[in-house]
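Welcome, and thanks for taking a look at this one with me. Here are some notes to read beside the structure, point by point.

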Protein chains: 2
Amino acid sequence: MISSIAELIADRIGAMPAGERRAAQTLIASYPLIGLKTVAEFSAAAGVSSPTILRFVARLGFQNYSEFQSSLQDELAAQLQSPAIRTLNPPAPAGGSASPMLEATLDNMRETFRHLSDKQLADIAARLAERRGKTFLIGGRFTDPLARYMAAHLAVIQPDVFHLAGQESMWRDRLIDMGKRDVLVIFDIRRYQDSLVRFAEKAHQRGVQIVLFTDQWLSPIARFARHVIAGRTAVPSAWDSSAALFVVAETLIGAVTLQLEADGARRIREMEGLR
Amino acid sequence: MISSIAELIADRIGAMPAGERRAAQTLIASYPLIGLKTVAEFSAAAGVSSPTILRFVARLGFQNYSEFQSSLQDELAAQLQSPAIRTLNPPAPAGGSASPMLEATLDNMRETFRHLSDKQLADIAARLAERRGKTFLIGGRFTDPLARYMAAHLAVIQPDVFHLAGQESMWRDRLIDMGKRDVLVIFDIRRYQDSLVRFAEKAHQRGVQIVLFTDQWLSPIARFARHVIAGRTAVPSAWDSSAALFVVAETLIGAVTLQLEADGARRIREMEGLR
DNA sequence: CAAAATACGTAACATACGATACAGCGCTCC
DNA sequence: GGAGCGCTGTATCGTATGTTACGTATTTTG
């Protein structure tokens, strides 16, 4: 079975005329980047004319050049997004690694943090630590526990931390307490909940700064969010995994704590005394 | 020093207007592929207009969109050519790693699963899937969200799943419903809560099978537990990490789901139909 | 060796793409 | 509360790009 364009080329390169073969070889040599550039650049790199390139992609079975490029991009996307399948060769059973679930989860975390700069985390932590206003947290059907988890920790080290629980109508009543100085932390992954989106929109209209934890496809709430954390959620299971978001949440909790300690927050010192 | 566009964005995202920030977040979320597509596609994905995308790349310092795309391609080329240096973010200065928090968490997970045999997980999953009795879940101050998370999932695929919330006196009243056929899942890490220990003991006396999620030093509840999952919790932070336990929980959820599907549970089939 | 078929490049064409001008809007700051 | 500024989207324009037609070169075959 042929799963990549590279294989497809290898399969048919024998039946190609000279010019197209040069195109094929050029593409393989720096796969797949040349294929993402323009026809003119591709043809120049291969030392042939533009039409030859087009005939080449046509011979591979594509209707036009765009379709060919889209395929390459999809392939690249699949590679970049799932590090586990990055290598063409099976990824070294290395100890026969027990759980594919665990492997996927670890990859998700690495990927999530790869797309998350230290600076971004520091910014969010600073915003949460800066105690001008209140902090609200809320989550969706399966992610609300993450909101609770974060709220439980933050509430220990600073005042005015509220987890929004219960019915939609209950949160809506809290909107009236929210303003520009406040922060709303929302967890929302597929399938995105309309109620949350509506709530986020209203909060946004009131000037509340939103920190969104979502998946890589971005909840529509991203539209209103000041900060977006996009975590990987794909695992070999019937469910999506929130583990990567969980780890980001823990990291943030740690950063906020550190920040407050550095600020010499009296609350922290008092707390130590109480232990 | 700034070596990748991703870093450049992270550096300047704070100083961007809302629309451009959405562009930035969209790009980071599926880096760098969206940036290789057309302006129209990029803008659609970000939910903004084309000019906003162009202003975004201009703000990053590029003369035009092509120059921006070329940079992305060069970056990608460098990345693809040397598979060893795959990471886009500063590739972990050998030990000093960007996020020691992440490294510690990943280690914790590997360690946790190393001490956790497949058979043990399978046994617990089987016990949870075998639907003779009820399933109760409860957690401590910071771990209760984990219990909620697990309950939220299990409740979807099987009946008689209850999360025990609220005051201690409230759970105690539920003891009367518990018997030999039932399972109680408890999350308890340092500092172990007396209330939970007392509750576990009483449940144990009633013949309830206890599945305990705890840390490597083992909560006193381990004494009464049928199954013990000991997760690593140490991280460079003021708090302990529950991430490893979280991943075990997700793994179990997946395993139970699979088991029930295999059993051909009618509920699962009906659920699919409802989607 | 001749004639036909295939391959390839040049040049003209049409489309879709990036770029720009402009107007409406919201926000901040007096 | 009003004036100014900055941000964003709509509509338009010019152009770079993919595409096609056609003529020449090259190879193949009888």
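1. Which helices each supply at least two residues of the surface near DNA strand C? Bear in mind as you look that this is a predicted model. In chain A they are α2 (18-29) and α5 (50-59), and in chain B they are α4 (39-46) and α5 (50-59). The largest share, three residues, comes from α5(A).

2. Next, the residues themselves. There are 15 residues around DNA strand C, and those that come nearest are G19(A), S49(A), T52(A), V39(B) and N64(B). On the DNA side, sugar and phosphate make up 63% of the strand's atoms that come within 4 Å of the protein. By class, the protein surface near DNA strand C has nine nonpolar residues, five polar ones and one charged.

3. Now zoom in on the phosphates. A polar backbone atom of G19(A) is 2.6 Å from a phosphate oxygen of DNA strand C, and for a polar backbone atom of A18(A) the distance to a phosphate oxygen is 3.2 Å. T52(A) uses its side chain instead: a polar atom there lies 2.7 Å from a phosphate oxygen of the strand.

4. How do α2(A) and α5(A) pack together, at what angle and how far apart? Their axes are 9 Å apart and the angle is about 80°. Because of that angle, α2(A) counts as roughly perpendicular to α5(A). From α2(A), the residues G19(A), E20(A), A23(A), A24(A) and L27(A) meet T52(A), I53(A), R55(A), F56(A) and R59(A) of α5(A). This contact has five nonpolar, two polar and three charged residues. Two names return here from the DNA side: G19(A) and T52(A) are in this helix contact and also among the residues that come nearest to DNA strand C.

5. Finally, please look at where the two chains meet through helix α12. The axes of α12 (residues 243-262) of chain A and α12 (residues 243-262) of chain B come within 10 Å and cross at roughly 165°. The two helices are therefore roughly antiparallel. The crossing of α12(A) past α12(B) is right-handed. Chain A brings A243(A), F246(A), V247(A) and E250(A) to the contact, and chain B brings A243(B), F246(B), V247(B) and E250(B). Six of these residues are nonpolar and two are charged, with no polar ones.

Terms used: Residues are numbered from 1 along each chain as its sequence is written. Chains are lettered from A and ligands numbered from 1 in the order in which they are written. This is a predicted model: local features need pLDDT of at least 70, side-chain atom pairs count only at pLDDT 80 or more; totals for chains, interfaces and linings use all residues. Side-chain values use heavy atoms; hydrogens and water are left out. Axes are lines fitted to C-alpha atoms, for helices over the stretch in contact, and angles run from 0 to 180 degrees between N-to-C directions. Helices (H or I, at least four residues) and strands (E, at least two) are DSSP runs, numbered from the N terminus. Angles under 35 degrees count as roughly parallel, over 145 as roughly antiparallel, 65 to 115 as roughly perpendicular and the rest as oblique. A crossing is left-handed if the near helix is turned anticlockwise from the far one by less than a right angle, and right-handed if clockwise. Contact means heavy atoms within 4.5 Å. Ala, Val, Leu, Ile, Met, Phe, Trp, Tyr, Cys and Pro count as nonpolar, Asp, Glu, Lys and Arg as charged, and the others, Gly among them, as polar. A residue is near a molecule or strand if one of its heavy atoms lies within 4 Å of it. A polar contact is a pair of N or O atoms within 3.5 Å; within protein, one must be able to donate a hydrogen and the other to accept it, and residues adjacent in sequence count only if both atoms are side-chain atoms.
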